[in-house]
Structures are given as C-alpha cells and as structure tokens.
Number of protein chains: 2
Amino acid sequence: MARRAESIELAVLGLLHEGPMHGYELRKRLNLMLGWGRVLSYGSLYPTLKKMLKGALIEELAPSLTPVSRRPKIVYQVTPAGTTEFERLMADIGPAAWEDDNFGIRFAFFGRTDMEIRLRVLEGRRSRLQERLDRVQSQLSMTEKEVDRYSAELQRHGVESAEREVQWLSDLINAERSRAGSTPPPATQN
Amino acid sequence: MARRAESIELAVLGLLHEGPMHGYELRKRLNLMLGWGRVLSYGSLYPTLKKMLKGALIEELAPSLTPVSRRPKIVYQVTPAGTTEFERLMADIGPAAWEDDNFGIRFAFFGRTDMEIRLRVLEGRRSRLQERLDRVQSQLSMTEKEVDRYSAELQRHGVESAEREVQWLSDLINAERSRAGSTPPPATQN
DNA sequence: TCGCGGATATATCGCTACGATACGTCGCAT
DNA sequence: ATGCGACGTATCGTAGCGATATATCCGCGA
C-alpha cells in the first residue's frame, strides 16, 4: 500500500537532514529532484507531513524569533526517530527500491549510505530496465504486421533512451567498484 | 477534467483504426506505445471502453462465427462518429497536446494527420521541454549551497536526457520541413 | 486423458494521491 | 494605495490505479 507515499517520506527525511525547512520549500526541492516527470502536489505533501508529525519522525521547530509574524510559517526538522527511519528506509533494498520514482530519490541520497547498498540499488535498477528492454524487443520481433513509420520511430527513440540509461548505470557501477577495489583491474569490460 | 482519460480515448480510437480488437489486446498495444513509464490498468481501460460505447464512438463487432464459444470475446470497432472524433482530437492542438503522456500517443498516430499539425505538436513539445530545462538551470544557478556529489550527478543526467530529447525533436522538425520543401535535397540519410 | 499452469479475457471495487481551489501574507512596481 | 505575483498553508472531490475475482483456452507431461 501507498508506495508513492513511502518514497515521499524518504525524500522529506532526506531533505530535512540538510537543515530545517517549511512545506513550500520542501515541495520545490522535491520537484527539482523528482523533477523530470510528475510534480508533487500539496494534496500529497501536507497530509504526509501531518502523518510524519504524528509518527514523531519530524517535529515543528520553535516559531518566530521575528516577533509578530501573523501567519505561522511552520518549519520542520527531523527527530532522532526520523534519522533512524531514514537509515532503515535507505538500507531496505528490494523491488520497490528500483521503481522509477523511488530510484531517483534513493540515488540523490547515496552520499548517506554505504557502497554495498549503492551497488545493489544500481544493479537492481539496471536489471529492471534491461528486463523492460528485452520485453519490448521480443514483443517487437513477434509483431507480424510491420509498423507505421512514426510508431517505429517512437519505439526506436524509447529503446535508445533506455539503453543510454543502462549505460549510465553501468558507468556508475564501475565507478563504485573501482573506488572500492584494492587492486583495480584495468580491463574490466562492461 | 480527466486529461489522462482523454488520451486513452484517443489511443483506443487510433488503434482500432487498424482493425477490430478486444480489450486485452488493446491494453497490450497501449502499454507498448505508452510503454516507458506507467502501464494502463484494466480499471481504466474497461470503464473507458464502456463510456465510448455509450458515446457511440465504438461498437461491438458481431460475435462468434465459431459457434458456441461460451464466454463472450467482445471485439470492438470504430464507428464513423469515432473516426470523426479521432480526427477532431488529433487536430486539437494546445497545451494538453504536448504533455508527457499525450505527446507520445499523438506522435504514434502522426501518420494520420497532416504536416501542419505535426509541426505544431513537435514544436510545442520542444518548447515545453526547453522551458523545463531553463527552469531547472536557473534554479540550479541560484542555489547558494553547493550540492552533494550524487544529487549533482542526478541533475546532470536529467538535464542531459532532456537535452537529447530536444535534439531529437529538432531533427524531426527539420525532417518534416525538408520533406515539405519543393526541392528535396538528395542526401537524406537514415 | 487428465489435469495443471499460464496466457487470454472481462469485470469491479476500495482507496490513494492528485488537481483544483481557497485562503492569507508579503513585497514591489506603477 | 492598489494590483499582481511569489510565498505559504490547507482541504476536498474524484479519477484512475492496484488488486482481485472469475472464466476460458491450450499445450504439455505423466
């Protein structure tokens, strides 16, 4: 249940880790990192924040030093419980971790996990994409009637993008590996 | 209202134009063309089909020539009204036409519109992407604190993908334009 | 020849999360 | 002095998604 919501929680925790913020700013940052496709709506963010408050993962920061600012600007910060939860979520790899939305968020916070986790997430993501690619390729090949020019171009472009993404992941994986290796073997292909 | 639903309608009409189909097959084809991100669920498809039946955009094809097939396989085909609607939707350019989901579908059916429409949709899509790109760039530059290594890499990759997409669109636009030109330059590669 | 698993096929329902919208404050441009 | 756009919090209706139920067909091994 609520797979998207889970990833929002992770993102909020991660962002608050670099300093207290209020909802509006959180949303902007979130949209920048989720960025490319969909945006996060207030209808999702505020309820999530409420839920996290109730769960004591975050708390409201002491308000206005600036004396009487009429309308409350609610600034949130993580609690120790929130930190624990963040670490738990980051370490919790598994199919959900490399789904489209989740992957981006986890990746953005890679700096706060260890290499073992990073590698597993990157590899999981890569095989997820590879698997999609294979499925499309096979479906394409078993299509009897030849396709329309434009449809074909769309397919081609999609496949190309996915392949590029796979390459990107491979490069990242190699980079991680070589950073770890005591004896980095020079000729490791792919 | 119901922007996604509208695009499903368009896709269904377009697909049925290349021959009668039943829901299951429709879904497969749809997922192949929407393909890259989300899949279309039955919970969306069947209600849409019902709605289109009621609107007389499609109709059930005469059933079993094969005598007593117990469970009905419902095969749909477009009505003349459906064809009209398809043409109307394809010609209806405007912001909605170059949103992520819609664009792909329209593109896939470019073979059934004229060049003027194609160009406008391609250009609309390109400026949509360009605009996103600019927004990210400016937000990036106005960020005071320098970002984490991984976050930066994620941004970089996102920007690169978007730029590649813009390039793709530009190439397509040029191709359309040169096809229009009275003097077709002989060296058309690809 | 039976039966089992998997692909094909239609259908519905609960619930989530998104779009729309409302409301309020601040600053600055005209 | 007022209008406009950015900042900021909040809620609500409902579209549509995931899960699930149900049923048929077919290939394959035992």
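## Chain A and chain B: interface and salt bridges

The copies meet through the same surface, because 92% of the interface residues of chain A are also interface residues in chain B. This is a predicted model, in which local features need pLDDT of at least 70 and side-chain atom pairs count only at pLDDT 80 or more, while totals for chains, interfaces and linings use all residues. Residues are numbered from 1 along each chain as its sequence is written, chains are lettered from A in the order in which they are written, and side-chain values use heavy atoms, with hydrogens and water left out.

In the interface, 39 residues of chain A are in contact with 36 residues of chain B (contact means heavy atoms within 4.5 Å). About 3300 Å² is buried between chain A and chain B, and carbon and sulfur atoms give 56% of that area. Buried area is the accessible area (1.4 Å probe) that two parts lose on being put together, summed over both. On the chain A side, A:Leu32, A:Trp36 and A:Tyr150 lose the most area to chain B, together 24% of what that side buries.

A turn of 180° with a shift of 0.0 Å along the axis lays chain A on chain B with an RMSD of 0.1 Å. The two copies are thus related as by a two-fold rotation axis. In chain A, the C-alpha of A:Ser161 is nearest the axis, at 3.9 Å. The superposition is by least squares on the C-alpha atoms of residues with pLDDT of at least 70 in both copies.

A salt bridge is a side-chain nitrogen of Lys or Arg within 4 Å of a carboxyl oxygen of Asp or Glu. The whole structure has 24 salt bridges over all chains, but 0 are found across the interface of chain A and chain B. Three examples follow.

| Salt bridge | N to O distance |
|---|---|
| A:Arg29 and A:Glu18 | 3.0 Å |
| A:Glu160 and A:Arg156 | 2.5 Å |
| B:Arg128 and B:Glu131 | 3.7 Å |

A:Arg29 lies in helix H2 (residues 23-34) of chain A and A:Glu18 in the loop between helix H1 (3-16) and strand S1 (21-22), so their pair ties together parts that are 11 residues apart in sequence. Helices (H or I, at least four residues) and strands (E, at least two) are DSSP runs, numbered from the N terminus. A:Glu160 and A:Arg156 are 4 residues apart in helix H7 (residues 149-180) of chain A, about one helical turn. Both belong to a network of salt bridges that links A:Glu153, A:Arg156, A:Glu160 and A:Arg164. B:Arg128 and B:Glu131 lie 3 residues apart in helix H6 (residues 115-141) of chain B.
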